[in-house]
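Hi,

Here is the structure we talked about, so you can open it next to this email. My notes on what turned up follow below.

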Amino acid sequence: MCGIAGIVDPTQPAGALSGRIEQMLARIGHRGPDGAGYVVDDGFAMGTVRLAILDPNAGAQPFGDESGRYWLSYNGEIYNYLELQRELEELGCRFTTHCDTEVVLKAWITWGPDCLTRFNGGFAFALYDRKTGDVFLARDRFGKRPMFYARQGERLLFASEMKAFLAVPGFEFEQDPAQLSSILGQWTPLPDQTGFKNIESLPMGQWLRLRGGELTTRTYSQLRFDEGPDVASEGQALDAIRERLTRAVELRLRSDVEVGVYLSGGVDSAIVARLAKDFATKPLSTFSVEFDDAEFDESADQRLVSEHLGTRHHAQHITHADIAEKTPDAVFHAEVPAFRSAFVPMFILSQRTQAEGIKVILSGEGADEAFLGYDLFKETLLREAWNELPDDVRRARIETLYPHLAHYGPDDIAAVTGLYHQFSLEKMPGLFSHELRFQNGRFSTRLLKEAGDPFEAITALVASTEGYAGFSAVEKAQWLEYKTLLPGYLLSTQGERMSLAHGVENRCPFLDPDVFALATSVNLKFDDGFVEKRLLREAFRDRLPERIVDKRKFPYRAPDAAAFAAKRPDYLDLVLSEAELSAMPFVNAKFAQKLANKVLSKPAGEISTKENQTFLYLLSICLLNRSFVRREALPEAKLPRVEKVVNLTEGALT
Amino acid sequence: MDKIREFIEEQFLIEFDESFPETSDLFKEGVMDSFGYIQLIRFLEKEFDIKFTEQEITGGVMVSLAQIELAVEQKVAARTG
């Protein structure tokens, strides 16, 4: 795993860009503490900070081909690189390293952008063609690895994290109320959104080319639900799930350093740990977070899995004080507003993981989206069928759907049934599955003076997506999860941005394209979907403790406002002081202050989910404003040891 | 009836004034969502010793403070009358 950054500026000679690229890389040094390298040319510079995982001694970047024409700065892993290398060797390519970096470069030279569809992995990279001056950026199909870019006249900046742009003279961050409204409404940024004006995220499954000053983007991979294999029986489905997941884990264990597993206490990470253990030649290290509060703690189940598999388990206890202390750093790493605090413990956990000497971990992310693990999918099925169902079935389904939410208890069933009735027909075009969730989002947009229509962008996105209208209601729900919550929060804010804050790379077997394709073939084919992830559970029933296999989905969360109310850190002034709030002209200071006061003074039980959520948005927006816009309280930038510098103006093409 | 205003102001973090009149649609303004609405109904039923039918709850009529107050007045009158 690594971080990359680059700058295209036709007005600047190579010499002037060296210092600049070093400063940009220093801002993302945490992503690759093992070494830095960069290449400069007149008008162009790019570099990499490197976390050495495969062939650690040979993988210094940027990586050039033999002719010196093509240069690659690469972040991530292509898990099927050995197979691709063999294929390329048969086509005449010769390899000098055992790194996937070289495979990516040669695959590009051989196949051009078509190479991207062959890659199974999480990656983002930048490629420079010295001969033509073309710059090419690409990102993996699920949005596992980040790529941000900013265009300013003739200048193009790109980086794995936006904080690299802090090092560019003249670059100013400005929060964008229209994007913030959209983010608050739908909980996360859309694939191209960042929350800042003039900075874009390259959407998953896309590439971008800068040629002769002209920017072109193309989608090379669409999320489709009709490309899975034929599966005739449940028995066949269970065999295929075991087989594909086993392969997905095996591929993700390809590493020259030890690989650990994050255990959440749920069935998905337990399956990953089970399979990783099967391949392990030495004790497997597992990592978890645990809380005092039973509402959030899953330590009993984490320990059960660890003991069952005989892993070397590391439990990180998280207190209110930890959350209050680490939130500003974690938000700085996340870079986008967050709707809950659960990412902060993951920031602390990656620090622990790094301290234990582990650089690579596997996790269960992506299972709920692929195999229908969220209540959202059941809710969608129920609301969709609502008008055909008899009253008693409706009520029974509602009662079983959300037993952990007090307002779905028997007393309120009649009223809730009535409300479901209102949500049984689509009101927001294409967004039927998420209409209830978006109600909470609409509340959060009250933080903004001018929220506009928070759902304008997402409505336009689904309307312009080829094939979307033909998806089933549940497939639309999945599509939305794959484009919003998964990449926009789980894989990023709670995932790789937190792990890479401490040089830990995370890998997700459930994001293997073959696993996803299989899930699309078997979902709802052998059951009604009301036991979440049933096939996945059955596939591993004999291989894990029964309590884990049958455990109901337990959403991973951490203490939210309560942690800040208990500890009252100094930075709460940002959300409580009228002067601080009015420094952000787009914020509805009156509402924000009222909310912050309520959330920080009332007992936790009197704070609703949406108030908690809105408070976290407010706090993270204010912290981002402080660090990115006002550039106050910025963590120190640290450039890893420079191990490679290539000045292309000093040598001719061979 | 002040209690209804107080409950809504406290619960939904708003203040009724010239910029946010009592006739504002609380759903459309993003102030109230379905669960907030349930809380409100429970509060009204308990506070005023009344009972709303499913039809009344979901009829889409009680969307502003003014309408809610009117509905409660009518209910209370029907009970006491």
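Let me start with confidence in chain B, as this is a predicted model. Within chain B, helix H3(B) (residues 54-58) has the lowest confidence, with a mean of 76, while helix H4(B) (residues 65-80) has the highest, at 90. Over the whole of chain B the average pLDDT is 85, and 98% of the residues score at least 70. For the model, the scores are ipTM 0.71 and pTM 0.94. A general reminder for reading it: where pLDDT is low, the coordinates should not be read in detail.

Next, where the chains meet. Ten residues of chain B are in contact with 20 residues of chain A. On the chain B side, helix H2(B) (34-48) and H3(B) each supply at least two residues, and H2(B) gives the largest share, four residues. Sorted by class, that side of chain B has five nonpolar, three polar and two charged residues. Keep in mind that H3(B) is also where confidence in chain B is lowest.

Now for the sheets in chain A. One is an open sheet of six strands, in the order S4-S5-S6-S7-S11-S12, with antiparallel pairing. Its edges are S4(A) (63-64) and S12(A), each of which pairs on one side only. If you step through the S12(A) end, strand S7(A) (residues 135-139) pairs with strand S11(A) (residues 206-211) in the antiparallel sense over four bridges. Two of the residue pairs to look for there are Ala138(A) with Trp207(A) and Leu137(A) with Leu208(A). S11(A) is then joined to S12(A) (residues 214-219) by six bridges, again antiparallel. Trp207(A) turns up here too, with Arg218(A) as its bridge partner in S12(A). S11(A) and S12(A) form a hairpin with two residues between the strands, and Gly212(A) in it takes a positive phi near 55°.

At the S4(A) end, helix H3(A) (residues 100-111) lies across S4(A), S5(A) (70-78) and S6(A) (121-129), and runs at about 125° to S5(A). Please don't mix this helix up with H3(B) (residues 54-58) in the other chain. There is also a cis peptide bond to look at, between Gln61(A) and Pro62(A), with omega about -5°. Pro62(A) sits in the loop between strand S3(A) (44-50) and S4(A).

The other open sheet has five strands, ordered S15-S14-S13-S16-S17 in chain A, and here the pairing is parallel. S15(A) (312-318) and S17(A) (505-507) are the edge strands, each pairing on one side only. From one strand to the next, the twist averages 30°. Inside this sheet, S13(A) (residues 259-262) and S14(A) (residues 285-291) pair in parallel over two bridges, and Val261(A) has Thr286(A) as its bridge partner in S14(A). Helix H9(A) (residues 343-355) packs on the sheet and touches S13(A), S14(A), S15(A) and S16(A) (360-362); its direction makes about 140° with that of S15(A).

Then there is helix H26(A) (residues 609-629), which packs with H14(A) (residues 435-444) and also with H8(A) (residues 320-334).

With H14(A), the angle is about 50° and the axes are 9 Å apart, so the two helices are oblique to each other. The crossing is right-handed. Asn440(A), Phe443(A) and Ser444(A) from H14(A) meet Thr609(A), Lys610(A), Gln613(A), Thr614(A) and Tyr617(A) from H26(A). By class, this contact has two nonpolar, five polar and one charged residues.

With H8(A), the angle is about 75°, and the axes are again 9 Å apart, so H8(A) and H26(A) are roughly perpendicular. Here Pro328(A), Val331(A) and Phe332(A) of H8(A) meet Ser620(A), Leu623(A), Leu624(A) and Ser627(A) of H26(A). This contact divides into five nonpolar, two polar and no charged residues.

One last backbone detail: Leu524(A) has a positive phi of about 60° although it is not a glycine. You will find Leu524(A) in the loop between helices H19(A) (513-522) and H20(A) (534-539).

Cheers

Methods
Residues are numbered from 1 along each chain as its sequence is written. Chains are lettered from A and ligands numbered from 1 in the order in which they are written. This is a predicted model: local features need pLDDT of at least 70, side-chain atom pairs count only at pLDDT 80 or more; totals for chains, interfaces and linings use all residues. Axes are lines fitted to C-alpha atoms, for helices over the stretch in contact, and angles run from 0 to 180 degrees between N-to-C directions. Angles under 35 degrees count as roughly parallel, over 145 as roughly antiparallel, 65 to 115 as roughly perpendicular and the rest as oblique. A crossing is left-handed if the near helix is turned anticlockwise from the far one by less than a right angle, and right-handed if clockwise. Two residues are in contact if their C-beta atoms, placed from the backbone, lie within 7 Å. Ala, Val, Leu, Ile, Met, Phe, Trp, Tyr, Cys and Pro count as nonpolar, Asp, Glu, Lys and Arg as charged, and the others, Gly among them, as polar. pLDDT is the predictor's confidence in each residue, from 0 to 100. Two strands pair if DSSP finds at least two bridges between them.
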